[in-house]
Amino acid sequence: MTEPCEPREPCEPCANPLSAPEPWNAVANDYLDVNLPLLGMFSDAAMEQVQLAADMRVIDVAAGPGTLACRIAPSVERVDAIDFSAEMLGHCLARIAELGLANVYVRHGDAQALPFPNATFDLGFCMFGIMFFPDRPRAFRELYRVLRPGGRALLTSWAPIERSSYMQTRVDALRAADPNAPNPADIARNVLTLENPDLFAKEMRDAGFDDVSVEPVVRERTFADADELFRSLTRGNAPIELLRRTLGESVWQERLRGIRRYLETLGPFPIRLALTAWLGQGRRS
């Protein structure tokens, strides 16, 4: 279901390209196929931290294709999913229809100016979105504002790359293809500062949250062969899309061939790789 968005004072555009909808729109088609198996594991981990009830109202901020929203909907009264990428929300609507969910409401809007009254939700989630917002303190405050007293927020952000063999494999593959090529993390610039769990917790407390905790969540996925790993590492990823545009298509195709050659040296397959994220939690008093 869709509802019009009436944002509260939208934020000014940010120079960081990952803080704009366009690169996320560009990868939306591949994002669902490639990332749903990976990111869904962390949505499940976040949901395991709360006691769900049939009368709860939930907000999913930076909902993307509905990875969490569609998972949690059968257990609660209503889910409001908001994202600034129209293409991502199109996939979210398609999944809602496919699953026959009648209680997920989709809005196109700004996480830093949520179009909801104060004290609307029992639970608030933001899965791998908060680190991309140009004004994180404002986004944290907005999430706090729309929670009811006693409501809880659960957010994820990636831990440092060296704590994730999956992320490190992507970096190693890019460097093997061209040691001088830009790193996606460099293109992302300052969005990875929430790799620091102490900063993550501080920003939640500064927004007003009580009982704040930031803990690691580790999940693993098995890749059957180099082809499957290649698709996962090179498709459906906004920083990778920006790197492709930076290099140009002909150069990027050469990089892809180098990445593919590197991945063939790994193994033996199947290979199991880990991803580590921080799961931040807090309560509105």
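## Strands, salt bridges and rings

Strands S6 and S7 (residues 271–283) pair in the antiparallel sense, over 12 bridges. Two strands count as paired if DSSP finds at least two bridges between them, and the elements themselves are DSSP runs numbered from the N terminus: helices are H or I with at least four residues, strands are E with at least two. The model is predicted, so local features need pLDDT of at least 70 and side-chain atom pairs count only at pLDDT 80 or more, while totals for chains, interfaces and linings use all residues. Residues are numbered from 1 along each chain as its sequence is written, and side-chain values use heavy atoms, with hydrogens and water left out.

**Exercise 1. Work out the order of the strands in the open sheet, and find which strands stand at its edges.**

Step 1. Follow the pairing from strand to strand: the seven strands run S3-S2-S1-S4-S5-S7-S6, with mixed pairing.

Step 2. Look at the two ends. S3 (104–108) and S6 (210–223) each have a single partner strand, so one side of each is left without a neighbour in the sheet.

Step 3. Add the geometry: from one strand to the next, the twist averages 20°. Axes here are lines fitted to C-alpha atoms, for helices over the stretch in contact, and angles run from 0 to 180 degrees between N-to-C directions.

**Exercise 2. Locate the helices that lie across strands S5 and S6, and give their angles.**

Step 1. Start with S5 (147–158). Helix H5 (residues 136–146) lies across S1 (57–61), S4 (121–127) and S5, and runs at about 145° to S5.

Step 2. Move to S6. Helix H9 (residues 226–234) lies across S6 and S7, at about 145° to S6.

**Exercise 3. Take Arg272 and determine which residues it touches, leaving out those up to four places away in sequence.**

Step 1. Place the residue: Arg272 belongs to strand S7.

Step 2. Search for contacts (heavy atoms within 4.5 Å). Arg272 touches Glu220, Arg221 and Thr222.

Step 3. Compare sequence with space. Arg272 and Thr222 are 50 residues apart in sequence, yet their C-alpha atoms are 4.2 Å apart.

Step 4. Check another spot in the S6 and S7 pairing: Arg219 has Leu275, in S7, as its bridge partner.

**Exercise 4. Count the salt bridges in the whole structure and examine a few of them.**

Step 1. Apply the rule: a side-chain nitrogen of Lys or Arg within 4 Å of a carboxyl oxygen of Asp or Glu. The search finds 18.

Step 2. Pick a pair within a helix. Lys202 and Asp206 meet at 2.7 Å, N to O, and both lie in helix H8 (residues 197–206), four residues apart, about one turn of the helix. For accessibility, buried means under 20% relative accessible area, exposed over 50%, and partly exposed in between (1.4 Å probe, protein chains only). Lys202 is partly exposed at 43%, and Asp206 is exposed at 53%.

Step 3. Pick a pair between strands. Arg283 and Asp211 have their closest N and O atoms 2.7 Å apart. Arg283 lies in S7 and Asp211 in S6, so this salt bridge ties together parts that are 72 residues apart in sequence. Arg283 is partly exposed at 29%, whereas Asp211 is exposed at 56%.

Step 4. Try helix H11 (residues 249–264), which holds both Arg260 and Glu264, four residues apart. Their closest N and O atoms are 2.9 Å apart in a salt bridge, and Glu264 is partly exposed at 48%.

Step 5. Look for shared partners: salt bridges join Glu241, Arg244, Arg245 and Glu249 into one network.

**Exercise 5. Count the aromatic pairs and classify the ring pairs of Phe128 with Trp158 and Phe140 with Phe200.**

Step 1. Set the rule. Rings of Phe, Tyr and Trp (its six-membered ring) pair if their centres lie within 6.5 Å; planes under 30 degrees apart are stacked, over 60 edge-to-face and the rest tilted. The count comes to seven.

Step 2. Phe128 and Trp158 are stacked, at 4.1 Å centre to centre and 25° between the planes. Phe128 lies in the loop between S4 and H5 and Trp158 in S5, so the pair ties together parts 30 residues apart in sequence. Phe128 is buried at 8%, and Trp158 is buried at 15%.

Step 3. The centres of Phe140 and Phe200 are 6.3 Å apart and their planes are at 45°, so this pair is tilted. Phe140 and Phe200 are both buried.

Step 4. Ring pairs link Phe42, Phe128 and Trp158 into a cluster.
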